[in-house]
Amino acid sequence: MTTQRENDTLTRVGPGTPMGELMRRYWIPAAMSSELKADGDPIRLQILCEKLIAFRDTNGKVGIMDHRCPHRCASLFFGRNEEGGIRCVYHGWKFDVDGNCTDMANVPAHQDFKHKVHAKAYKASERNGLVWVYMGDQSRVPELPPLEATLVPEQYMDIDLHQRDCNWLQALEGE
């Protein structure tokens, strides 16, 4: 039987928690590739207690980032996915898949400071119909590991997604 403190240490996975920091050192399956269309609507994700959005830009690259615009915290879920980035509906700031601000629609060109603005974004990668996200240190992102299940030819794969209302440890115990 674990104590409340031990239980909290094992089950809390938000940023800055011991288990959250551990889990952020691994690639995590985030969405099915088929859910993201180029210049289509973003989708909402919640991974390791973080509210995120995922979108596919004009060039087919996948972006996963904090759902809040760093300018006024409006949700980028309501943004327009257009011409290589997602544009916030509040003031029109646009961000690429790496979180770089590429346009400040409400600021005159001679006064913009887009090179100083960055949305919290995570490295994403796709393999065999799944989008994976690495939420750890973005300056030291490892390659997506060659997990055997992700190397099977796509025509032999069948991916099922299930949402469980439990934490990771309860799911592990149930297995």
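**A buried glutamate, aromatic pairs and an open sheet**

Glutamate 50 has a relative accessible area of 8%, so this residue counts as buried, the limit being under 20%. The model you are looking at is a predicted one, and this glutamate is a friendly place to start. Its home is strand β3, which covers residues 50–56. Two polar contacts are worth displaying here. The side chain of glutamate 50 meets the side chain of arginine 24 at 2.8 Å, and a polar contact of 3.3 Å joins the side chains of glutamate 50 and lysine 120. If you leave aside residues up to four places away in sequence, glutamate 50 touches Pro15, Arg24, Leu45, Lys120, Tyr122 and Met135.

Let us turn to the rings. The model has three aromatic pairs. In one of them, tryptophan 27 and tyrosine 134 have ring centres 5.7 Å apart and planes at 50°; this angle is neither under 30 degrees nor over 60, so the pair is tilted. Tryptophan 27 belongs to strand β1 (residues 27–32) and tyrosine 134 to strand β10 (residues 130–134), so the pair ties together parts that are 107 residues apart in sequence. Both tryptophan 27 and tyrosine 134 are buried.

Another pair brings tryptophan 93 and phenylalanine 113 together in an edge-to-face arrangement, with 5.8 Å from centre to centre and 80° between the planes. This pair, too, links distant parts of the chain, 20 residues apart: tryptophan 93 sits in strand β7 (residues 93–95), while phenylalanine 113 is in the loop between β8 (101–104) and β9 (121–127). How buried or exposed are the two partners? Tryptophan 93 has a relative accessible area of 4%, so the residue is buried. Phenylalanine 113 is at 34% relative accessibility, so this partner counts as partly exposed.

A ring can also have a charged neighbour. Arginine 44 lies over the face of phenylalanine 77, at 3.9 Å from the ring centre.

Strand β7 also leads us to a sheet. Four strands form an open sheet in the order β5-β6-β7-β8, and their pairing is antiparallel. Which strands are at the edges? They are β5 (80–82) and β8, each of which pairs on one side only. On average, neighbouring strands of this sheet are turned by 25° against each other, direction ignored. In general, strands of a sheet pair through backbone hydrogen bonds. Between β5 and strand β6 (residues 85–87), which run antiparallel, there are three bridges. For a detail to look up there, find glutamate 82, which stands opposite glycine 85 in β6.

Key. Residues numbered from 1 in each chain as written. Predicted model: local features only at pLDDT ≥ 70, side-chain atom pairs only at ≥ 80, totals over all residues. Heavy atoms only, no water. Phe/Tyr/Trp six-rings, centres within 6.5 Å; stacked < 30°, edge-to-face > 60°. Helix = DSSP H or I, 4+ residues; strand = E, 2+ residues; numbered from the N terminus. Buried < 20%, exposed > 50% of the residue type's maximum accessible area, 1.4 Å probe, protein only. Lys NZ or Arg CZ within 6 Å of the ring centre and 35° of its normal. Polar contact = N/O pair within 3.5 Å; in protein donor to acceptor, adjacent residues only side chain to side chain. Contact = heavy atoms within 4.5 Å. Pairing = 2+ DSSP bridges. Axes fitted to C-alpha atoms, helices over the stretch in contact; angles between N-to-C directions.
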